Amino acid sequence: MKTRHRCQRLTDPIHEIKRYDTRDNALTADSVTPVYSPPMRSSFSIGQMCFTTPIILAPMAGYTDLSFRLQARALGGLGLAHTEMLSPRSFLVGKAKKVAQLLATTPDDKPLSYQIYGHEPAIMADGAKWLQDRGAELIDINMGCPQRKIAKRGAGAGLLNTPGDAITLAGKVVSAVSIPVTAKIRLVPDGTETSTPELVRELELAGVAAVTVHARTCAQMFTGHSNWDAIREAVEAVKSIPVIGNGDIHSPADAVAMMKETGCSAVMLGRTALKDPWLLRNCAAALGNTEELPPPSRDERLAFMLNHLDRMTLQYGEVAAPLLFRKWIPLYAKPLRIPRPLMVHILRLKNPDEVRSELKALARTGQSA
Ligand SMILES: Cc1cc2nc3c(=O)[nH]c(=O)nc-3n(C[C@H](O)[C@H](O)[C@H](O)COP(=O)(O)O)c2cc1C
């Protein structure tokens, strides 16, 4: 199959992004939270790759794009981030324009794992090789997406219904590349011939270098409590690879508790990290047994939003960025206590400069702080 796309590399390393001081609308570095590098309690590695903290940002379609990853990295504490899930078919046949944005990265956007999904071992293997040839250092196989259109084809969480296929697929991908390959699973449904710990062990035997266990079943989607006992059972099942725990980490105390209760080697944060990306550094601090930094001030939160919008404008352009940024506003807005009518107004704006002015005005007035 011919390949047409190359991994897009944008030229906006972190230091080129403007620093907002919303107190006087000047652009200085003063209001930006310093990057925090906590001493590590324990090292974390996948294959030959070492990570400065055992804190992992989950792959989240529609959210963990280049812009957000760089924003999260700039706050410190993040050991490893993931792309949104990628269909190898889309980049191998080179037809999807959108895939260029999904693949977009910069030299600052490291360490990074590229997550792929699909049910055809040969395509998945070709996709992994294609990514490796373009600089990928880590590949993750999605075995947990519960979306009907994906799972019913036997991809994502669909692979858990036929664990034999999941293991064959993983083995093919592992054989196709020389970089580490990991898998992100959910809990295997009851009544399947293989249990979750057995699947994790089989994946290890197939050459997978780490397994993330999102401790919910496919049927649970994103509701209910995650079952941390299942993470512990996975940890007990493997011989030498790390198990990464995922599900329901809402605070640094949760991150510590998950590692303590399950013995997992690292923790992955999903939804809470979208609303509160400062949680990543505070989890790293808690695991490194050092003091957390104080919570971000209102100005820091607003500066973070402005930076995020700037990055999205660089990545997607003036027209698309404000539309794509809309989904972030309600996520960031709660601690800012933006009044609802103002929020509705901001959500209707189509020009990034208009959004910027509203955010800066909020900082100036300290509205409803
Ligand atoms: C909006 C959204 C998009 C997601 N996209 C992906 C994805 O592309 N690949 C994946 O493996 N998991 C995906 N997930 C699942 C998360 O990676 C994570 O496993 C899940 O949210 C549980 O972690 P949490 O309880 O910390 O949120 C997604 C979750 C959400 C909420």
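Okay, helix H8, residues 228–237. Ala230, Ile231, Arg232, Glu233, Ala234 and Val235 are all buried there, and yes, that run includes an arginine and a glutamate. Keep in mind that this is a predicted model.

So what do those buried residues of H8 pack against? Two helices, for a start: H7, at 196–205, and H9, at 252–262. Then there are three strands, namely S7 at 181–187, S8 at 210–217 and S9 at 243–246.

Let me stay with S9, since H8 leads into it. The chain leaves S8, passes through H8 and arrives at S9. That β-α-β crossover is right-handed. S8 and S9 run parallel, with 4 bridges joining them, and if you want a spot to click on, Val213 stands opposite Gly245 in S9.

Is S9 covered on one face or on both? Both faces, as it turns out: Val243 and Gly245 are buried on one side, and Ile244 and Asn246 are buried on the other.

Going on from S9, we get another right-handed β-α-β unit, this one made of S9, H9 and S10. S9 and S10 are parallel too, joined by 3 bridges. Asn246, which we just met on S9, has Met268 in S10 as its bridge partner.

Now zoom out to the sheet. It is open, it has 8 strands, and the order is S3-S10-S9-S8-S7-S6-S5-S4, with parallel pairing. At the edges sit S3, residues 55–57, and S4, residues 81–82, each of them pairing on one side only. S3 pairs with S10, residues 266–269, through 3 bridges, and those two run parallel. There, Leu57 stands opposite Leu269.

On the other half of that strand order, have a look at two helices. H4, residues 121–133, lies across S5, S6 and S7, and runs at about 155 degrees to S5. H6, residues 163–176, lies across S6 and S7, at about 165 degrees to S6.

For the whole chain, the count is 15 helices and 10 strands. There are 369 residues, and 46% of them count as buried. If you take contacts between residues at least 6 apart in sequence, 71% join residues at least 24 apart.

Next, the ligand. Which residues come nearest to it? Out of 23 around it, the answer is Ala58, Met60, Met85, Gly270 and Arg271. The shell as a whole splits into 10 nonpolar, 9 polar and 4 charged residues. Arg271 from that nearest set is also where helix H10 begins, as H10 spans 271–275.

H10 also holds Leu274. Buried or exposed? It counts as buried, because it has 20 C-beta neighbours inside 10 Å, and 20 is where the buried class starts. Leaving out neighbours within four places in sequence, Leu274 is in contact with Met60, Tyr63 and Leu331. Met60 should ring a bell, being one of the residues that come nearest the ligand. And Leu274 sits 8.6 Å from Thr64, C-alpha to C-alpha, although the two are 210 residues apart in sequence.

Last bit: backbone oddities, three of them on my list. Start with the peptide bond between Lys110 and Pro111, which is cis, with omega about -10 degrees. Pro111 is in the loop between H3, residues 98–103, and S5.

Then Met221. It isn't a glycine, yet phi is positive, about 50 degrees. You'll find Met221 in the loop between S8 and H8, so on the way into the helix I opened with. Met221 counts as exposed because just 12 other C-beta atoms lie within 10 Å.

And Asp248, again a residue other than glycine, again with positive phi, near 70 degrees. Asp248 lies in the loop between S9 and H9. How exposed is Asp248? Partly, because 19 other C-beta atoms are within 10 Å, and a residue needs 20 or more to be called buried.

That's my tour. If you open the model afterwards, try going from S8 through H8 to S9, and then through the S9, H9 and S10 unit.

Terms used: Residues numbered from 1 in each chain as written. Predicted model: local features only at pLDDT ≥ 70, side-chain atom pairs only at ≥ 80, totals over all residues. Contact = placed C-beta atoms within 7 Å. Pairing = 2+ DSSP bridges. Axes fitted to C-alpha atoms, helices over the stretch in contact; angles between N-to-C directions. Right-handed = clockwise from strand over helix to strand, strands pointing away. Near = placed C-beta within 6 Å. Nonpolar A, V, L, I, M, F, W, Y, C, P; charged D, E, K, R; others polar.
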